[in-house]
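Trainee: I am new to this protein and would love a close look at one part of it, the paired charged side chains. Could you walk me through them?

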Amino acid sequence: MKRALYFLSLSLFLMAFLSSFDPPAWSEVNKNKDNIPIVSIDVVLDIENRRIKGEASTELPMEKPVLIHIGGVELDHVTLAGRTINPSVEEDSFIVMASAGNRLLRIQFHRDFPPLSLMSSAETDSFIDTKGVVLLGGWCPTLEGLARYELKAAVPMDFMAISEADAVKMESREKTNIFIFEFPHPRADISLVAGPYQVSLESHKGIEIAAYFFPEDKELARKYIDKSKYYLDLYEGLLGPYPFKRFAIVENRVPTGYGLSTYTLLGQEVARLPFIVDTSLGHEILHSWFGNSVYMDPQEGNWSEGLTTYLADHLYKEQKGRGSGYRHRLLMDYQSYVHEDQTIPLAQFKFRIDRPSKAIGYGKGTMLFHMLKQEIGEDAFNKALKRFVLDYRFKMAGWSDLKAVFSDIGKKDLSVFFDQWLKRKDVPVLTISKGNITYPGNGIKSQKLTIQQGTESPYSLMVPLVLETTSGEVRLNVRVENKRESVDIEVEGQPISVTLDPDYDLMRKLDPSEFPPVLSCLLGSEHKFFVLPLRGSEIYGQFAVFLKSLGFEGKSIGSLTDSDLKKGSLLILGDPAPRLERLTGAMPDQDSGVIITVRENPINPAGVSALVKASSSRELELILKKLTHYGQYSTLSFRNGKLVEKYTAGTQNGIRLALQNEIVGIAASDLSPIDRIINNISEKQVIYIGEHHDKFSHHMAQLSFIQALDRQNRSIAIGMEMFQRPFQDVLDRYLDGQIDERTFLKESEYIKRWRYDYHLYRPIIEYCKDHGIPILALNLSEEISKKVARKGIESLTDEELEQVPKDIDWSNTVYKTRLRQIFEEHPENGIKDFDDFYQAQVLWDETMAQNVHDYLGNNPDRQMVVLVGTGHVAFGDGIPSRTYRRGKYNQVIIANTTGNNLEQDMADFFLFPPVVQPPFSAKLGVILNDEDNRVVLKKVMHGSPAQKSGLRSGDLLLSFDGEPVKDISGLKLALLFKKEGDTAKIKIKRIKRFAHDKVLEFTIGPFKHLKIAFHHSGKGSRK
Ligand SMILES: [Zn+2]
């Protein structure tokens, strides 16, 4: 007989309901088969009084104690073999034992539920209400362990009831409907749901599909039934036959998403969401295999969510080619929500109670099965899944059973694999570094790479690597078992880059370059603060309460300290106070609705800084509940509660390392004379010409461009990194002829602040002076950049902040990665903290960009030639992108090269200026030290002019050509004006330990071109 006929059959068979215990005939057949006890439950739902009342009975085994869980109900009358007993209840359970022939235990019970409106959301797994009934637990006694349950339930006439069932019988009697549920399989618990449902039925390959929707949602049934067929087919193909004869989709008044044996319980609001059929429905159907027929062994933790998520949510993304993006998100969530000191190993995961437990049980669990598939191969993995389902159907299974089945089918001992992923709390931290290219013979070329593990003890991992070369891609998996593991990879072309785990196949900690600032970083932060705006704070009142419920701490702008910013994440509501705007940059414009944007927190790389701006409190109210679902986005914009725009900041995939061994070249015929390049760029509003500061040839190339543009009568201005903003006035006065060169250099503090030989720049400045070309001092004052490099941007006073641009963009992670490489390669720069270094660098770039923009704003008919270190313009990242952001200028980047590290995207034009003899620069050949307004010869170099004239280490410099010497820059300034062949008179004091100090005078020189370069000891020397 077809089940569809069974169900809702109009033939009424009268049943002696709630009379004497009378087990249905089918259970007699099953009795004692495999010694699993049978429990009969008869209940009546009294909806008006929110009461369930009934009787549970079972035949106890002979002389064996049985543990009964009473499930929170009131015991009205308990009899054993017809005699009343008074069991002593402890921890909601009692033990009974039968010895005589009649071993029938009967429990009469009831339970009253509070009104649904008075229940907290944590309690609503069981409730009785006139609009619907859900009883998932705490409504009837159950046996410890597995048992077969037979349920008979009487509900009001207008209600339909559902429970776990392969078949349902219904009979209407007076004002009640009586339901009998047939479920022949052993199970640990039992549920009962009822409500005024509209029922739709369909049969699909021997499975009855039923939809129980409330009347107002009945048109949803079609879509749910059709999609259910699709999922049943999908999983029967993957795992073998569906374990039951019936599957039902059941609506719930409260928002749930549960998969129970033979049915799924979906909240009404949930079921109405259009994407549920493409996501949760399949997940819950898959639980029919994992969790609801192969049961979880409570001793071993929950494997079912990880496996179900992997074969449902993950599989659906994978089918659309978005598997690696999905895994990337899991890793981001894990890193956002799971904090080292609060984490648990996967083996201890039981149920999802919050975001961190979800990231462990679902996220890390999914990754475990994904890695397992890589370990044993897809065929063995799929075969093992089928075997597992077959062997453990309607039995308890744990992680150890999974390990046994997969080891057996995979023909591999997976003990280490399961142990490390189940028992360890940490996750792998991987870095990759490059070694040399070697030529082992026969024309073979081999690239050495080293993978390092950052955890205390190493993992055993299959690490995917992709090597990009000029002759294609090389993909391989490297087994890494030690803290350091090196591989040599044979390559044909030139290696360009290597990427570690580009598809996120490994559970691991993400590198900062792989982790964009997204909302989940904010919500998952251990310490998170919000700041109300100075004006218009009333809009955010309700929102602030909501934030507090998420664990945010409210701070006033005054009480927000540097250490708050340093340890946590910050959310700014409304227009940021000026002090905070420097941390976050400007807010994108939006007149109505709500806009949220999350950015890096430049002060704490582990946290983020975010802004929320709303046009009204109503707009905020509409998005409160949704917000936590959008964790993967960096920018969100809502109107009338609807999402209108979403965006995730870009990151690279995998940990990428440039190998930079590429040989690049250019056809000699493609090399253009500088005039042709000038014709190409002469219309550009901003022309950047990058330099290596100490290369005179680079400066001569810069001058050639300036001269050529000037000859074309272009109205140009020169922007120079070498001069700092506060000294613009001195620069102007010199160019105007009001002061001489010596005064200019002294008052601009050029020597103290820039340190590079002024001769290198002199021709450019003299040309500009002679031709009336203005020069702009671009740089931030050294006091500020040094302070930031040492103590971070938060150390600046309000006065200092006035000199810093308000709008700062921290979002360029590629630039940040490149700077980190530079930082790590130059430990000698004396700055301890990369983040402080990074802040100083960005501030520097932003200031120069702002100065270029301000100048062009005031002088719109000028073009600007910007002279800076190549690092500030390479790839457009430092200054050019920041100038562009401000004024959308037409720009060009020209880089002087030294032949090293040439990459195509670095610049629009590369220059190869011929080496030229630098101008003569008089040098003493000593290392000097500034000591309390005195200059000491720390070291006199061998063979130097100083040594030849009789100067010795330790001498104290008193005067140079009769002028007193007070500091090194004074001496350098004096030397600057010495020409080749000149001499100088130097007076020194020689300290004698056992006699009087002596004052001596020497003639030094004549100065000549020197082959050796002597350096002065510059404190905190630059670059
Ligand atoms: Zn699940």
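**Charged pairs, one by one**

Mentor: Let's start with K448 and D488, whose side chains meet in a salt bridge at 3.4 Å, N to O. The term stands for a side-chain nitrogen of Lys or Arg within 4 Å of a carboxyl oxygen of Asp or Glu. K448 belongs to strand β24 (residues 444-453) and D488 to strand β27 (residues 484-491), so this pair ties together parts that are 40 residues apart in sequence. Strands and helices here are DSSP runs numbered from the N terminus (E, at least two residues, for strands; H or I, at least four, for helices).

A word on what you are looking at. This is a predicted model, in which local features need pLDDT of at least 70 and side-chain atom pairs count only at pLDDT 80 or more, while totals for chains, interfaces and linings use all residues. Residues are numbered from 1 along each chain as its sequence is written, and side-chain values use heavy atoms, with hydrogens and water left out.

How covered are the two partners? K448 is partly exposed at 31% relative accessible area, and D488 is partly exposed too, at 45%. Buried means under 20%, exposed over 50%, and partly exposed in between (1.4 Å probe, protein chains only).

Now move to K169 and E182, whose side chains form a salt bridge at 3.5 Å, N to O. K169 sits in strand β13 (residues 167-173) and E182 in strand β14 (residues 176-182), so the pair ties together parts that are 13 residues apart in sequence. Here both K169 and E182 are buried.

The next pair is D961 with K978, a salt bridge with an N to O distance of 2.6 Å. It links distant parts of the chain, 17 residues apart: D961 is in the loop between β45 and β46 (963-964), and K978 is in the loop between α29 and β47 (984-990). The partners differ in cover: D961 is partly exposed at 37% relative accessible area, whereas K978 counts as buried at 12%. Elsewhere, salt bridges that share partners join D807, E846, R882, R885 and R886 into one network.

Helix α29 (residues 968-976), which one of those loops follows, is worth a pause. It is mostly covered, with 7 of its 9 residues buried: I968, S969, L971, L973, A974, L975 and L976. Among the elements that cover them are β45 (956-960), β44 (934-940), β43 (926-931) and the helices α20 (741-747), α21 (750-753) and α22 (762-770).

Finally, step back to the whole. A search of the entire structure finds 45 salt bridges, so the pairs above are examples. The protein has 29 helices and 48 strands. Its radius of gyration is 39 Å, well over the 31 Å that the globule rule gives for 1023 residues, so the protein is more spread out than a compact globule. That radius is taken over C-alpha atoms, and the rule is 2.2 Å times the number of residues to the power 0.38. The C-alpha atoms fill a box of roughly 125 × 70 × 70 Å along the principal axes. Of the 1023 residues, 52% count as buried.

Definitions and conventions:
Contact = heavy atoms within 4.5 Å.
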